[in-house]
Structures are given as structure tokens and as C-alpha cells.
Amino acid sequence: MEILSVSGASASDAAIIAVVAVFSVLCFIGLIVLLCRFVDFSGKVKNTALILASVFVIGFALRLAFALTIRGHRGDYTMFTSMIAGLRHNATSSYKGDASNSLYPMVYLIYLMFGGMANAMDLSTFDLGMQFMIKLPLIIADLLTAFAVYKTADRYINRATALTLCGFVCVCPIFFIGSAIWCSPITFTVMFISFACYFLARKNYAATISFGMLAAFSGKEGIYIFPAVCVFSVFHLVRAAQSVKNDKPKGMAVLGKDYRAVITVPVSFVLSFVVVYLLGLVMVHAHSYNPFVYIYEFLLAPMSEWKYFTLNGLSVYSIFNRSGAMAGARFPSWLFVILFALIIAGVTGVVYFTKRNRATMVLLIAFALFTMQVYYPDTTAISMQGVLAVTVVAYALNRDKRILYVLFMLGLCFAVNSLSTLAGMGQLNNLKDYALEDVTSSGVKAVTIIFSVITILTHLYFTVVTVNIGMTGQRRMLDSSRTIGGSLSEFFAVKKDK
């Protein structure tokens, strides 16, 4: 059994994957039943604070159970342990000029605190204590993501539905694979993006830009939302400038809702970057006193200097069996980055300028994230984690049940593929700490290929849904039902757009 656990998937690994998949399906069925029950809810929810606390406690307990029994991906786990170990000698010596093998500045700052606590309490000297201190911040970030979902749904749907979606994010395994099982820094990026989407819906330019900036400097995936954030912010900046020109407000009147973007947007961009840059100097002082070098190393270089040509990711490239191999010299990485930035910015701009709907804007962010994960070469099995939470936020704002179809298919593909990858590397347990760089098991590769095909088909469907919602404003909503059978029938029923 030990040999199996090191070199490939064991029977116990297969059982874990099956349990997670089945539990995810059950959670989704429960979500549909409760959403149908609360479609027309207009009353007050008693003991909201108690319900929220209970949901978060259950979510924390589930994550902690997985976190202490599964160490996770050894490559990502080692980044945390190396950083914490380095704190005993030099708190600012972790970064060596390679963003792909280092914690990003915002994540590094978080672990300055938790890593320092681990060293101070001597928890870092035994494996389980270190494991707890590494995964605790990830779990907290996960629960904050659920809170962002709750705040969004509470404001734009109703309190009962908000609690339902929050509970779903807390309990369903597809949302805590990155934190409790894989041990990936992407968890922080997901949290920042979720709050950026919430504040975008609130039309709070300063907070949207700030959280977008935090997302970009917490992980490579965070930069993917910047085209959408820029389109949203610049559009309102230009419109506010036109209003100022036409209305000529005087004094404090310029801070009115129709004019304030002319001040808050540029100031927020500048201040957000300055704050992130200054905080990041704790980590990269020896390399990036120059802010332009800082931007290049963390935002631009990771986009064009790939570490993998897709490593067991849900990507179009996995289908052609190039998993983990570097692309040939003829593959123009710089051209790819430019083309996809233009495509995402173009689609976002056309749809948003047409309807100027903030709910559609968040849907476009989810679509942009999904697009990059499917077609961007440098992805791994955990990269898709960021799409799931944003898709929930997009549903909370648009309430189109087709978004739930996408969420279900993508979530199931992600759960099975990511856990199969860990199992194939012998890392779905705490027995060994081998950091294997690739998966040689043909069975795991077959899983990745099959689910990549399903994911790409799901993305094509999501493209149709996004264009339909964005250009027509029509949606396919759930109707009220109070039975399990009725709810599922309502979910799968073919309806005309409303």
C-alpha cells in the first residue's frame, strides 16, 4: 500500500475521490432544492447571525478534517514551508526572482504573521503543527470567500438565498480543494476576486480597484480580471468626466454619485499600486526597488514565461497529450498573451458598453477567468479553482439557472481531475513527501483528457449563455417548488428566456 501511495493511486485514494464527487453532487442537489424553495422569499430570517456562524463552523470543521489528513501538493506545500523556515534567518530573503516558485507579495505578508506565530510557538518543528499553521490562513480565506458570496446574494436576491449560497460554498468540496486538500495560494486570489466582484456590483470603484490589485499581487490568476476591472472603471471615469463637463458642479458637489468616478478611479489605481508596492518590498527588496521591475516580475513575466505547457490541467492542450511539456520555440508566447488580453477586453467592452449592467460585468469576469484557464498554456490541475466562486457570485447577480449548469459540470470535472492528479502523484495522503513534477500514470492522464473535453464543451456553452445574457438581458430563472422532485424538474425544464 505504501508503494502504491507513492507511485500512483491506491484504493483508498479512489475512495476519497468517489466520496468527494458524490458529496459534491448531493450538495448541488441540496442547493437546487433550497434555491427553488426560496425563489419568492420576502420575509425576514430569524437568527441570521446564528445560522451564519453555524454554517462557517461546519465549513471550518470540514476543511480542517481534510487539511490535517492530506498534506497536499508537495510543490506548493514546500513554498510555504521554505518561506516559514527562512523567517528564522531573514524575513526578507525568500524571493529569488522567480514568481512561479515563490509566494506572491500579499500571500507572503499573510504568512509573515502566521509563519512567525508557528516559529514562536515552535509548531514548525513537527509536521502536523506546521501543516495546521500553513492551512489555517487558507481556510480563513475560503470562509471569507463564502462571506463575499453571502453579501452579494443578500443585497441582490434575498436573505434566505444568501444563506443558501453561502452554505453551499462552505460545505461543497469543490470550493475547498485548493485550501484544505491541495494547499494552493490560489485560495487568496479567489477571495480577493470575489470581493472585487461584490464591490463592482456595488459600484464602489475604489474597493473594486483595490481588491483587483490585491488579487493580481496574490497570484498569477489575479491578473486575468484586470481587463474587466479596467473596462468598468475607465468607462465610468469617462462618463463622469462628461457629466462634470456638462453640469459644471462646484465644490463638494463633485463628489456626488454622478461625478465621483472622475476622482476615485485614478486615485484608487495610483494608491492601490503604491500600497501593494510598498508592502511587497518586505519580500522583494533585493530585486525590485524599481516599480517597473516589480510590475514585470509579478504581472507580466508569469504570463509569457511559462513553467509548464499545461500540467494535468482542464485545458485544450491536455487533449493533445502535451501535459507538462514545454511548448516548442515556434509557439509565440508573447503573441498569445496579447491576443487573449485583447479578446477578453474586446468582448467585455462590447457587451458592457451595450448594456452597462454590473451583473453582466461580473458574469463577464467569470467568463474571462474560465476562458484563460481553458486556453492559456501555463495551467495546472488546481488553476480552475478560481472560476468556481466567481461563477457563484455571477449567479447571485444574474439568477440564470444556466449558470448553475456550468457550475455543476465544471465543479465536478475540477474535483475529480485535481484529486486524481494528487492521487497519481502519491500525494493524496501524508505518507511520503516526494515532490513529483509530472504524472506518469496513464489512468490519470486519461481522466484529465476526458474531463478536459467536457470542460471545453462546458466553456462553449458558457460562451453562448454569456452572450445571450449580455446582449439580450434575458434570463432563464428558477420557479418556486417545495419538493425535491419538483425542484429537479424545474431545474432541468427547458424554458423560454424572460
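**Figure legends for a predicted model**

**Figure 1. Overview of the chain.** Of the 498 residues in the chain, 55% are buried. The model shown is predicted. Its secondary structure comprises 20 helices and 0 strands. When contacts between residues at least 6 apart in sequence are considered, 77% of them join residues at least 24 apart. The chain exposes about 20100 Å², and carbon and sulfur atoms supply 68% of this area.

**Figure 2. Close-up of a nonpolar surface patch formed by Val22, Phe23 and Leu26.** These three residues make a patch of about 260 Å² on the surface. Leu26 belongs to helix 2, which spans residues 11-37. Is Leu26 buried or exposed? The relative accessible area of Leu26 is 52%, so this residue is classed as exposed, the cut-off for that class being over 50%.

**Figure 3. Close-up of Thr208 in helix 10.** Helix 10 covers residues 205-216, and Thr208 is found within it. Is Thr208 buried or exposed? Thr208 has a relative accessible area of 0% and is therefore buried, since buried means under 20%.

**Figure 4. Close-up of the contacts of Thr208.** Which residues is Thr208 in contact with, leaving aside its neighbours within four places in sequence? Ala196, Phe199 and Leu200 are among them. Val229 and Phe232 are also in contact with Thr208.

**Figure 5. Leu26 and Thr208 viewed together.** Leu26, in helix 2, is exposed, whereas Thr208, in helix 10, is buried. Leu26 contributes to the nonpolar surface patch with Val22 and Phe23, while the contacts of Thr208 include Phe199 and Phe232.

Methods: Residues numbered from 1 in each chain as written. Predicted model: local features only at pLDDT ≥ 70, side-chain atom pairs only at ≥ 80, totals over all residues. Heavy atoms only, no water. Patch = residues over 30% accessible without salt bridge, like charges linked within 9 Å, V, L, I, M, F, W, Y side chains within 5 Å. Areas by Shrake-Rupley, 256 points an atom, 1.4 Å probe, with all protein chains shown as cover. Salt bridge = Lys/Arg side-chain N within 4 Å of Asp/Glu carboxyl O. Helix = DSSP H or I, 4+ residues; strand = E, 2+ residues; numbered from the N terminus. Buried < 20%, exposed > 50% of the residue type's maximum accessible area, 1.4 Å probe, protein only. Contact = heavy atoms within 4.5 Å.
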